[in-house]
Amino acid sequence: MDYLIFKAPILMVQASMDGILLGILFALIAYGMALQWGVMNIINIAQGDLVIMGGYIAYFMYVAGIHPAFGIIVSPIIMYFVGWGLYKLVINKVVDRDLFISILATFGISILMQQLMNFVFGADVVVAQSNFGTTMLFDNSVTLPNSKIFSAIVSVVFAIFLIIYMKRSKLGRAIRATAQNARAAKILGVDTEKVYAATFGINAALCGVAGALIAITFTLHPYVGLPYTVRSFMIVIIAGLGNLPGVALSGMGLGVFEEFADYILGTEFRIGAVFMLLVLILVYRRFKLSRKREYLK
Amino acid sequence: MKKNNLILYGVLLVLGLTAPFLFPAFKVQISFMLILIILAMTWDVQGGQMGYNSFGNILFFGIGMYLCASIQIGMFFPLAEWTESGGEKTFLHTPTQYFQGLAVGLVFAAIVPAIVAALIGYGILGLRGHYFAICTLGLGIAAGEIAGGIELIGAGQGMTTPPWPKGIGDTELRAEFFYYICFALLIATFSFLNWAYKKRFGLVLNAIRDNEDKAEAMGIHTMRYKIVGWVVSAFFVGLAGGLVGNIVGYIEPIEVAFDGREMGVFMVLMAILGGKGTLWGPVIGASAFHIFKEGFWTFFLGWQYVALGFLIVVIVVFFPEGFMGWLREKYPERFGEVIDEADRKAQVELK
């Protein structure tokens with residue numbers, strides 16, 4: 001084997017650490033996707049673009065001279081209203097319809113958002129410097145930027161906060177009731193329309209947090225949204241709907257896979273590897289389920 | 001009805017044959033329109049007739065395009081040198097070489113995507129609903145990303161297809177030549193699908209769309225038909241890809257070949273605009289879309305893609321039945337549907 005990663009095993013530790021920290025971030029986005037998938041039965045192709053949009057909000061705070069880490073507070077608030085508006089404009093017309101209609105409609109939203117961001121923010125790759133410094137481990141052979149550790153901690157905090165909110169609050173209970181049975185919830189006096197709008201808004205707000213974290217740890221570009229959608233979709237189908245520990249674990253697994261693919265196949269194949277993994281997982285699932293004569297529906 | 005059809009086909013045929021002379025300035029645009037019609041019609045085999053909404057037919061388009069160009073070049077010259085240093089400047093195809101290469105390239109551009117479709121079809125066509133849609137979306141994008149990493153075919157910078165050989169006419173002749181090939185391909189696609197939809201094949205596809213489990217319970221090997229449907233699509237889409245590569249003259253992995261953002265979306269949009277699940281819907285949808293696009297695209301001044309996204313949302317949300325669906329609603333008798341007025345009234349009252 002001629003690969004660098006096998007010559008220097010310490011790189012494996014590096015890749016795993018990077019992957020786990022990255023994966024926690026993916027899991028946060030996937031959590032939002034699982035939420036709206038479970039509640040509204042909609043797969044939002046624009047998920048990744050909501051993330052990127054949240055990232056740009058943090059980036060513009062950085063440009064304006066505010067520390068971008070405050071983006072994790074500002075950008076979810078703005079993104080909540082963006083999500084709410086999107087629901088009121090488009091999504092509420094496709095909620096009860098054929099799934100393909102909603103996929104295509106959100107795909108249209110995705111293209112629209114990409115292009116609008118391209119116009120408003122420009123097509124350059126940008127990054128918001130957080131100046132958090134780096135942590136060295138194992139005799140300086142593993143470097144971890146503090147911003148990545150920060151982002152992982154913030155993701156976990158937000159996820160725990162949201163889980164508690166869903167369990168305890170009135171809206172959280174309404175959302176869970178609607179996910180179980182929208183019709184029964186309606187009969188019992190839950191305004192499902194409001195619940196849907198709130199769910200979409202919460203999802204967008206989660207995307208906003210994740211985007212702000214991506215802005216300080218990675219790079220932003222208007223067109224890189226779709227890989228985030230596919231990653232979160234993949235995490236959700238591996239974990240299953242409503243399986244939160246599973247979402248966290250498969251998110252970390254995906255992160256580690258990506259870092260290793262990056263070292264072994266080369267950076268130019270990284271996105272390709274993610275998409276190929278999606279295809280392979282779906283096909284594997286199809287064969288596994290078809291043995292039991294069950295279908296993916 | 002039969003006689004009307006004959007007149008219609010005759011008029012369209014004459015129009016198609018004379019179009020390069022009627023609109024000499026728009027030969028390339030009209031060729032593109034024909035290609036778009038082919039793409040929309042072949043997408044409709046899955047999306048409309050079979051109920052499998054594929055975002056991945058662009059995969060076959062790109063494979064056909066790269067394969068055709070590689071064979072055209074590789075038959076006579078070293079491919080690696082060509083892609084590395086703009087080989088079209090050093091190597092020149094003689095007319096015989098050019099046409100030989102094109103013929104062989106197109107044959108492979110049709111057959112290899114069809115084989116690929118057959119191979120991956122068994123795994124992928126077992127997926128249902130949105131899993132199929134997202135899986136094929138991933139497939140198309142993965143193909144683009146992977147093609148962008150392969151040095152032999154020019155990686156991210158792309159490659160040029162062989163230029164028109166010197167000494168047998170100018171670019172006008174080239175445009176006419178490719179126009180007629182596209183037209184022939186369109187006729188082949190249309191007549192094949194027209195024939196196949198009337199046979200058992202079309203009925204089975206519709207049965208799969210309406211209820212796949214029931215179709216299987218009736219003893220139909222649904223998987224076999226699904227794969228055959230995908231192979232048919234891949235065959236024609238691959239040919240179209242090979243032609244587009246030659247018309248454009250330049251292949252780039254993400255913007256031209258595996259162009260999920262343009263062609264991949266266009267084919268879905270056009271079929272839905274025209275009315276999916278009908279023979280004429282994709283034709284009408286693609287023509288209307290292309291004429292609209294070419295006519296008004298320039299007015300948007302860089303806002304084209306914003307308009308495209310907006311258009312997708314509007315068409316999908318407010319006009320999902322398309323032109324043909326609208327016509328069908330308006331004049332059901334023309335489509336051979338008998339309406340029982342009493343039953344209709346009863347249904348309205350029920351609502």
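**Two helical chains and their contact**

A:Lys194 sits in helix 9 of chain A, which covers residues 192-217. The model described here is predicted. A:Lys194 is exposed, because just 12 other C-beta atoms lie within 10 Å and a residue with 12 or fewer counts as exposed. Its C-alpha atom lies 9.7 Å from that of A:Ala174. In sequence, A:Lys194 and A:Ala174 are 20 residues apart.

A:Ala261 belongs to another helix of chain A, helix 11, residues 244-265. Here the environment is buried: A:Ala261 has 21 other C-beta atoms within 10 Å. The threshold for burial is 20 or more, so A:Ala261 passes it. Leaving aside residues up to four places away in sequence, A:Ala261 touches A:Phe269, A:Arg270 and A:Ala273. A:Phe60 is 201 residues from A:Ala261 along the chain. The C-alpha atoms of A:Ala261 and A:Phe60 are separated by 32 Å.

A:Asn41 provides a loop position. It lies between helix 2 (10-40) and helix 3 (47-63) of chain A. Most residues other than glycine have a negative phi. A:Asn41, which is not glycine, has a positive phi, near 60°. A:Asn41 has 14 C-beta neighbours inside 10 Å and therefore counts as partly exposed. That number falls between the limits for exposed residues, 12 or fewer, and buried residues, 20 or more.

These residues belong to a chain built of 12 helices and 2 strands. From the N terminus, the order of elements in chain A is α-α-α-α-α-β-β-α-α-α-α-α-α-α. The radius of gyration of chain A is 19 Å. For 297 residues the globule rule also gives 19 Å, so chain A is as compact as a globular protein of that length. The C-alpha trace of chain A spans about 65 × 55 × 35 Å along its principal axes. Of the 297 residues in chain A, 49% are buried. Contacts in chain A with a separation of 6 or more were also examined by sequence distance. Residues 24 or more positions apart account for 75% of them.

Chain B contains 16 helices and 2 strands. Its radius of gyration is 21 Å. A compact globule of 351 residues would have a value near 20 Å, so chain B agrees with that expectation. Along the principal axes, the C-alpha atoms of chain B fill a box of roughly 75 × 45 × 40 Å. Buried residues account for 46% of the 351 residues of chain B. Contacts between residues at least 6 apart in sequence were treated likewise. In chain B, 81% of these join residues at least 24 apart.

Helix 8 of chain B, residues 200-210, has four named buried positions: B:Val204, B:Leu205, B:Ala207 and B:Ile208. They cover an arc of only 160° around the axis, which means that they lie on the same side of helix 8 of chain B. Their packing partners within chain B are helix 2 (27-50), helix 9 (212-217) and helix 10 (222-248).

The contact between the chains takes 35 residues from chain A and 31 residues from chain B. On the chain A side, helix 4 (71-94), helix 5, helix 10 (225-239) and helix 12 (270-291) each supply at least two residues. Helix 5 of chain A gives the largest share of that side, 13 residues. By class, the side of chain A that touches chain B has 27 nonpolar, 4 polar and 4 charged residues.

Helix 5 of chain A (residues 99-121) also packs against helix 6 of chain B (residues 129-147). Their axes are 9 Å apart and meet at an angle of about 30°. The crossing of helix 5 of chain A and helix 6 of chain B is right-handed. Helix 5 of chain A contributes A:Leu99, A:Phe100 and A:Ile103 to this contact. Helix 6 of chain B contributes B:Gly129, B:His130 and B:Ala133. Together, the residues of this helix pair divide into 4 nonpolar, 2 polar and no charged.

Key. Residues numbered from 1 in each chain as written. Chains lettered and ligands numbered in written order. Predicted model: local features only at pLDDT ≥ 70, side-chain atom pairs only at ≥ 80, totals over all residues. Axes fitted to C-alpha atoms, helices over the stretch in contact; angles between N-to-C directions. Left-handed = near helix turned anticlockwise from the far one by under 90°. Contact = placed C-beta atoms within 7 Å. Nonpolar A, V, L, I, M, F, W, Y, C, P; charged D, E, K, R; others polar. Rg over C-alpha atoms; globule rule 2.2 N^0.38 Å. Arc of directions from axis to C-beta.
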